[in-house]
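This report describes selected features of one protein model, beginning with how its nonpolar side chains are grouped.

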Amino acid sequence: MKNFADVRRFFGKIMLPAVVAATFVSCDEVAQDDRYIPLPELQNVERTVLLQDFTGQNCVNCPAAHEIMELLSDQYGENLICVSVHAGDLAVPVNRTNYNTGRLGLRTDEGDAYNDAAGVGHWPMGTVDGGPALDPDDWATWVRARLELEELPAASIKLEATLSDGMIHINSDLVAPADFKGKYQLWIVESGLIGSQRTESGNKLDYVHNHVFRCSVNGTWGEDISLDEGIHRNLSHSIAMRYTDTERWNADNITVVGFVSDGSGVQQAAQCSLQIND
């Protein structure tokens, strides 16, 4: 496993992603002024990229990967959606949560299915728009490449999510620039979860877990969707807020992520916060 410590000093607000891997190898030998190569700001980008970070609470190197994810999120703003999928041998299952003792588990069966489908066998790793599993030092390169694609995304997605009477109601408006057939998926994602996390300096009990995948709203692999060129498609979904012995969702910290995909991966993504009407 690579050492991802001290990641922050290798990132500028605008940087050449390929530089990252080299700086991990011999960071002390690279002069500060040589670490960053300015890139032009991205203008009028219509594409939103989905970064899945496969992670676990018992993964010592995962916090540094979380930091890379946050730095990329800061850099690209609304054009990048980050989701941390707790899965695999180093993740703590949801059913081991015990609120009386302060133990939090975030691993789900769906997360394990996504992990296995991506071929992830060690952590941290991630995928960009459903592409191959990548080490964190490759994420920046792939995110930038996806955002620089010249063709229009397969669809425009507008989401609204409201909480009413204990139910999350999600409205999706999709329109495509050309006929599209594929899958549409909706995820519940939660931030601000306080729980343990192993780090290089020991086990941190009050670690803040952000962008955590909680569940899929419309099935593990989403639903089939067919879009006709220029015709809006409106979809409605609902899911109950969870407040159980193992999951207590905080409505203030919930976002809904939606994306369309086909055989070549995720083609467009969107997210929205949860509006509370109760």
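## Nonpolar cores

In this predicted model, the largest nonpolar core, meaning a set of buried Ala, Val, Leu, Ile, Met, Phe, Trp, Tyr and Cys residues joined through side-chain atoms within 4.5 Å, has 28 residues. Buried denotes under 20% relative accessible area, with a 1.4 Å probe and protein chains only. The residues with the most contacts inside this core are Leu-159, Ile-168, Ile-170, Leu-174, Tyr-184, Ile-188 and Val-256. Two or more core residues come from each of β4 (156-164), β5 (167-175), β6 (180-190), β10 (223-227), β11 (233-240), β12 (254-262) and β13 (265-276), where strands are DSSP runs of E with at least two residues, and helices are runs of H or I with at least four, numbered from the N terminus.

Apart from this core lies another, of 19 residues, among them Leu-50, Tyr-114, Trp-123 and Trp-187.

## Helix α2

Helix α2 (residues 62-76) has 15 residues and reaches 21 Å from its first C-alpha to its last, close to the 21 Å expected at 1.5 Å a residue, the expectation being 1.5 Å times one less than the number of residues. Its buried residues include Cys-62, Ile-68, Leu-72 and Tyr-76. Gly-77, which follows α2, has a positive phi near 55 degrees.

## The β7–β8 hairpin

Strands β7 (residues 193-199) and β8 (residues 202-209) run antiparallel and are joined by six bridges, pairing being assigned when DSSP finds at least two bridges. They form a hairpin with two residues between them, and Ile-194 stands opposite Val-208 in β8.

## Basis of the values

Residues are numbered from 1 along each chain as its sequence is written, and side-chain values use heavy atoms, leaving out hydrogens and water. Local features need pLDDT of at least 70 and side-chain atom pairs count only at pLDDT 80 or more, whereas totals for chains, interfaces and linings use all residues.

Note on methods. Buried means under 20% relative accessible area, exposed over 50%, partly exposed in between (1.4 Å probe, protein chains only).
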